[in-house]
Amino acid sequence: FPMAATDPQVLALAAQITESREQDIPLLLLKLKGILNSPSLGCEESNKIKQDMYDYGLTQYCLLVLKQDHSQLHGAWATAAQLAEILSHCCVGLEVKEDPEEFYKKFLPSAIESLLVLGKRLQARFIRAIKEKEKQDFLHWFQIVTDAICWLFGGHIQLAACVLQNDRFLQLLITDDVETAIIMMSVLHNILRINSSVLLQVEEETLHSVLDELVYKLSSTTNPAVGSAATKLLLLVAKFCKQLVQLFTARYKGLKGLLSKQWTGKGFDREVNQLLDLLYLEQSSGKGGMKKQHQAACIIQAAWRGFQTRKRLKKLPQAVITLQRSFRAKREQELQHLTKQKEDEALKLQMQLQRQRAMRLFHERQLALLEVVHASQVNKYMQEMEEKSALTIQRFWRGYRARRIFHQQKQSLKEHKAAIIIQRAACKFLEKRRKRRPLSPWKEPKGLTDEQRLALQQKVDDYIKLHPASQMSEETSKELHMQAQAKLAQFLLRSRLDQRAALRREALLAQVNTDVELLMNAPGLAETTEKDLGAFMSRSIPVATKARQTHNTMLKYTHWPWWKKLGDEFMEDDVIPDDAINTELETLFIGGRK
């Protein structure tokens with residue numbers, strides 16, 4: 001930062017922007033408008049403040065914010081339009097002494113480019129807007145941006161050619177919308193008024209595109225405002241650049257007839273007559289006129305060129321979007337292919353390393369076996385290993401074959417299930433349909449004759465005589481109920497006693513088994529100590545003794561040499577074979593003898 005005396009407002013704002021978040025900077029930059037419009041500032045003080053703003057990077061901040069997505073700013077397009085106005089006012093009247101080439105050759109053209117891009121976006125949204133309020137707002141912001149562009153190249157005349165040669169300016173000018181077209185023609189009018197020779201400094205293609213658009217507007221519209229603005233622009237071009245009048249007569253042969261027939265009596269006859277006089281004067285001083293058919297052809301060509309240019313510009317955004325989409329898709333596909341290729345290579349390398357490591361371990365094990373195991377045992381061990389390997393291969397093959405058969409039968413199983421579902425639905429449908437069938441009409445049963453009624457009554461009486469109904473009094477019923485309750489209580493008591501007896505028998509059997517095992521493992525009488533007597537006096541000591549013996553057996557098994565555990569490669573570490581435990585238990589004293 002510079003060390004000279006600086007405006008305190010600029011210094012405070014710069015410090016505040018430095019300490020603020022990125023999304024709050026646009027709103028802080030709007031305070032520059034109040035600083036620039038202060039009524040107490042003179043010309044020198046205003047230029048000094050603009051110099052301080054540029055030195056402290058506030059002007060550059062405005063340009064960077066305008067290059068961002070304007071829809072994401074606080075205040076959206078209104079904030080962007082105000083920042084465009086602030087940027088133009090900060091640049092006009094500013095004279096940079098340190099590194100002026102950076103300011104005039106890079107910063108100012110970049111500012112013009114950003115303002116034209118902002119204007120193009122506002123124009124597009126104004127055309128797409130439906131509500132009247134939105135259209136008025138976008139038109140107002142578009143007017144502010146175009147005024148900022150005019151103010152900027154008005155303070156720096158060399159920017160007029162830069163604006164006219166910019167493709168964005170031609171895109172803004174080529175529009176069918178009346179309001180924005182009139183505004184852009186006013187911008188072109190200001191360019192010609194400030195720098196009358198700018199049309200001679202631009203490229204021929206740019207000059208022809210601008211003149212084609214002006215002539216096209218005269219031939220394609222009947223709006224007096226558009227016709228007046230286009231006529232005034234052509235007249236201004238003809239007055240300032242005499243050599244372009246010859247271009248008018250040679251390139252646009254039907255322009256005189258168009259002006260005299262379509263635009264006479266529309267309220268700007270004076271400009272139309274002046275332009276016609278210039279055109280007729282150039283034609284009379286020329287070497288001769290062209291035919292009317294040639295003049296009509298030129299008008300048609302101008303209209304066709306304007307139509308083709310509009311058509312191409314309308315298709316340009318969609319073509320760019322399509323190109324970007326295809327490029328992103330291709331790039332994503334290439335990245336996925338590259339990632340997959342790297343993963344495949346890493347997997348292949350890992351599998352190769354695993355195979356090499358497994359082969360090396362296998363060879364080391366074979367060599368160690370040949371060095372340690374006796375020669376007579378090697379063949380037996382190798383045969384066992386081959387059998388185990390064959391079993392492993394067979395197991396994997398059966399699993400693979402079963403999975404393949406399952407996948408082959410999966411479709412048929414799916415079809416079978418689908419057939420079952422369809423059959424079930426058909427059966428339900430037929431059942432519902434069967435239930436909905438109307439019932440047959442009611443037919444009254446035939447009545448019994450007198451003879452049939454008498455015979456039926458006789459059968460009923462005979463059955464009652466053979467099977468008389470048993471009658472029981474209330475006292476007898478209560479007595480039977482009490483007897484049933486007593487027998488039920490006796491049964492429940494007897495079952496409870498049987499359960500207790502069964503539990504006691506099981507406990508006694510467990511105790512007897514423990515005592516038998518303890519007696520079988522007891523030492524001889526000659527070697528009995530007081531410690532051994534305690535095992536028969538306490539019921540918990542036998543259990544602890546058995547656990548300790550099992551623990552000691554497991555410890556001995558873990559300290560076995562490798563050749564005793566040669567056949568246990570695939571056995572889990574925590575599982576001790578029963579044979580080993582039984583072998584260790586055989587060394588104990590059984591029945592007093594070893």
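This text goes through the main pocket, the salt bridges and a nonpolar surface patch of a predicted model.

The largest pocket has a volume of about 850 Å³. Its lining consists of 22 residues, and K120, A124, Q171, L313 and P317 lie nearest its centre. Helices α7 (100-128), α10 (167-173) and α18 (292-372) are the elements that give two or more residues to this lining. By type, the lining residues of the largest pocket divide into nine nonpolar, four polar and nine charged.

Helix α18 also takes part in a salt bridge between D176 and R310, with the closest N and O atoms 2.9 Å apart. This pair links distant parts of the chain, since D176 is in the loop between α10 and α11 (178-194) and R310 is in helix α18, 134 residues apart. D176 has a relative accessible area of 54% and is therefore exposed, whereas R310, at 7%, is buried. Both residues belong to a network of salt bridges that also includes E213 and K217.

The whole structure contains ten salt bridges. Among them is K133 with D137, whose closest N and O atoms are 2.9 Å apart. K133 and D137 lie four residues apart in helix α8 (residues 132-155), about one turn of the helix. K133 is exposed at 57% relative accessible area, while D137 is partly exposed at 25%. In helix α21 (residues 474-520), K478 and E474 are likewise four residues apart; their closest N and O atoms are 3.7 Å apart, and both residues are exposed.

Finally, L448, L456, V460, Y463 and I464 make a nonpolar surface patch of about 500 Å². Of these, L456 is located in helix α20 (residues 450-466) and counts as partly exposed because its relative accessibility is 48%.

Methods. Residues numbered from 1 in each chain as written. Predicted model: local features only at pLDDT ≥ 70, side-chain atom pairs only at ≥ 80, totals over all residues. Heavy atoms only, no water. 1 Å grid on protein atoms, 1.4 Å probe; cavity = no way out; pocket = protein on both sides within 12 Å on 5 of 7 lines; lining within 4 Å. Points joined across faces, edges and corners; volume = space filled by probe spheres on them. Nonpolar A, V, L, I, M, F, W, Y, C, P; charged D, E, K, R; others polar. Patch = residues over 30% accessible without salt bridge, like charges linked within 9 Å, V, L, I, M, F, W, Y side chains within 5 Å. Areas by Shrake-Rupley, 256 points an atom, 1.4 Å probe, with all protein chains shown as cover. Salt bridge = Lys/Arg side-chain N within 4 Å of Asp/Glu carboxyl O. Buried < 20%, exposed > 50% of the residue type's maximum accessible area, 1.4 Å probe, protein only.
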